Amino acid sequence: MKNNPGFNTLAIHAGAQPDPTTGARTTPIYQTTSFVFNDADHAASLFGLQAFGNIYTRIMNPTQAVLEERVAALEGGTAALAVASGHAAQLLIFHTIMSPGDNFIAARRLYGGSINQFGHAFKSFDWHVRWADTADIDSFESQIDDKTKAIFIESLANPGGTFVDIAAISAVAKKHGLPLIVDNTMATPYLLRPIEHGADIVVHSLTKFMGGHGNSMGGVLVDGGTFDWSKSGKYPMLSEPRPEYAGMVLHATFGNFAFAIACRVLGLRDFGPAISPFNAFLLLTGIETLPLRMQRHCDNAMAVAKWLSAHDKVAWVNYAGLETDANNALQKRYSPKGAGAVFTFGLKDGYEAGKRFVEGLEMFSHLANIGDTRSLVIHPASTTHRQLSPEQLTAAGAGPEVVRLSVGIEDVADIIADLEQSLSKV
Ligand SMILES: Cc1ncc(COP(=O)(O)O)c(C=O)c1O
């Protein structure tokens, strides 16, 4: 590959070589739990982190390693760690950053599962979330105190489909010496690369557009290599000697990819949410067509949003790609190639009409996922976001009348025909 290959080239080649033993051109599925050591010294150096290499698939696997290198290249990071799901990646990130009693600031407009993970599950670790509003940058800064360890946002929020001013929030994070974590699941690096706008860590549910075919769970965290983990003394897992590695200081030893290493050798090793080699293979295959799929997703979604906006049974359409949308300026600035494939709209007749509409669709699948090749639909208030209070529902952009579409890559005429036949019955 030439120096500085383009995004399309990286999506196909980054991290991969023909298999040295067999010549296999596609990355093989290394379906093995463990790897033979050269000798006892080699084993000792792998366990002591003096050498990189495969030991056991809970910690690292060659198929997984290609996936990690590819996503790190696409995001412009120094290293990545692939795990079993997006939620597992989030858990490992916070485990590396937080101590009991600490807090972090997170945008209110998030995937409902993240709102649950942060607001409920994390409490049992004594980690506390403080919710902020991405339309009011001061609401992030005003809640920071000496126990605050990070800021978390989605670049393009699910389910509302709204872009966030990453640079403005990054400025707050930098002013207070905090890492900015950006969930880039909905945008993907094809549309937007958060590290270029000041993010320090990027996280994905690979389950969605990255894999893109609705067939495999996976998650990844990408180390931007931008954050100084030693400066404040607030991140002891990275800046203090680790007893399990003979007193090694991870940041001092691994420099600008220490965060990804810490998530692997402390979080993944001990909590164990490893990705299966088979899923890593399917996700890698999906990523090869990411640029083609993402552009078609965006073009189809734009056509559908315009068509819905003109329909007399539709009360409103929230799609950042529409010139009239309040979020259009941020979309043009952060994601000029398109506004993504997931957006919400409301039917004039509210909750009941929304339910009937979802049930009347024939080609759209009614299910709890986004980012499949197929067009998908859901009613967030009764499904993905049902644990939220009425106030949280509205704040998350998932009020009772809201329908969410994830527009697929079928022929757009067929997508619109399905919407039309169901709307005619509402
Ligand atoms: C934006 C976003 N982040 C994170 C997740 C969690 O990912 P996973 O389901 O792979 O754990 C999801 C899942 O829908 C999501 O939409």
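At 55% relative accessibility, Glu196 counts as exposed, and in this predicted model its side chain meets that of Arg193 in a salt bridge with an N to O distance of 2.8 Å. Arg193, in turn, is partly exposed, its relative accessible area being 22%.

A search of the whole structure finds 12 salt bridges, and four of the pairs are set out below.

| Salt bridge | N to O distance |
|---|---|
| Glu196 – Arg193 | 2.8 Å |
| Arg264 – Glu68 | 2.9 Å |
| Lys332 – Glu323 | 3.1 Å |
| Asp165 – Arg333 | 3.4 Å |

The setting of these pairs can be described one by one. In the salt bridge between Arg264 and Glu68, the closest N and O atoms are 2.9 Å apart; because Arg264 belongs to helix α11 (residues 258–271) and Glu68 to helix α3 (residues 62–75), the pair ties together parts that are 196 residues apart in sequence. Both of these residues, Arg264 and Glu68, are buried. In the pair formed by Lys332 and Glu323, Lys332 is partly exposed with a relative accessible area of 40%, whereas Glu323 counts as exposed at 62% relative accessibility. Elsewhere, Arg242, Glu244, Arg269 and Asp270 are joined into one network by salt bridges that share partners.

**Domains and their interface**

The domain assignment divides the protein chain into domain 1 (8–286) and domain 2 (290–423), and the C-alpha centres of domain 1 and domain 2 lie 28 Å apart. Contacts between them involve 37 residues of domain 1 and 40 residues of domain 2, and the area buried between the two domains is about 3,200 Å², of which carbon and sulfur atoms give 60%. Of the area that domain 1 buries against domain 2, Phe163, Tyr190 and Phe209 supply 25%, more than any other three residues. The count of salt bridges between domain 1 and domain 2 is one.

**Lys208 and the strands around its loop**

According to an unreviewed UniProt entry, Lys208 carries the annotation "modified residue: N6-(pyridoxal phosphate)lysine". Lys208 is found in the loop between β8 (201–205) and β9 (219–223), and it is buried, because its relative accessible area of 16% is under the 20% cut-off. Leaving aside its neighbours within four places in sequence, Lys208 is in contact with Thr185, Asn369, Ile370 and Gly371.

Strand β8, on one side of this loop, is mostly covered, with five of its five residues buried. In a regular strand the side chains alternate between the two faces of the sheet. In β8 both faces are covered, since Ile201, Val203 and Ser205 on one side and Val202 and His204 on the other are all buried. Three bridges join strand β7 (residues 180–183) to β8 in a parallel arrangement, with Ile181 standing opposite Ile201 in β8, while five bridges join β8 to β9 in an antiparallel one, where Val202 stands opposite Val222 in β9.

**The five-stranded sheet**

An open sheet of five strands has the order β10-β11-β14-β13-β12, with mixed pairing. Strands β10 (314–318) and β12 (365–366) stand at the edges, each with a single partner strand, so one side of each is left without a neighbour in the sheet. For β12 the pairing is with strand β13 (residues 376–378), to which it is joined by two bridges and runs parallel; within it, the bridge partner of His366 is Val377 in β13.

Methods:
Residues numbered from 1 in each chain as written. Predicted model: local features only at pLDDT ≥ 70, side-chain atom pairs only at ≥ 80, totals over all residues. Heavy atoms only, no water. UniProt positions renumbered as here; feature names shortened; annotations may be inferred. Helix = DSSP H or I, 4+ residues; strand = E, 2+ residues; numbered from the N terminus. Buried < 20%, exposed > 50% of the residue type's maximum accessible area, 1.4 Å probe, protein only. Contact = heavy atoms within 4.5 Å. Pairing = 2+ DSSP bridges. Domains from an automatic or database assignment. Buried area = accessible area lost by both parts, 1.4 Å probe.
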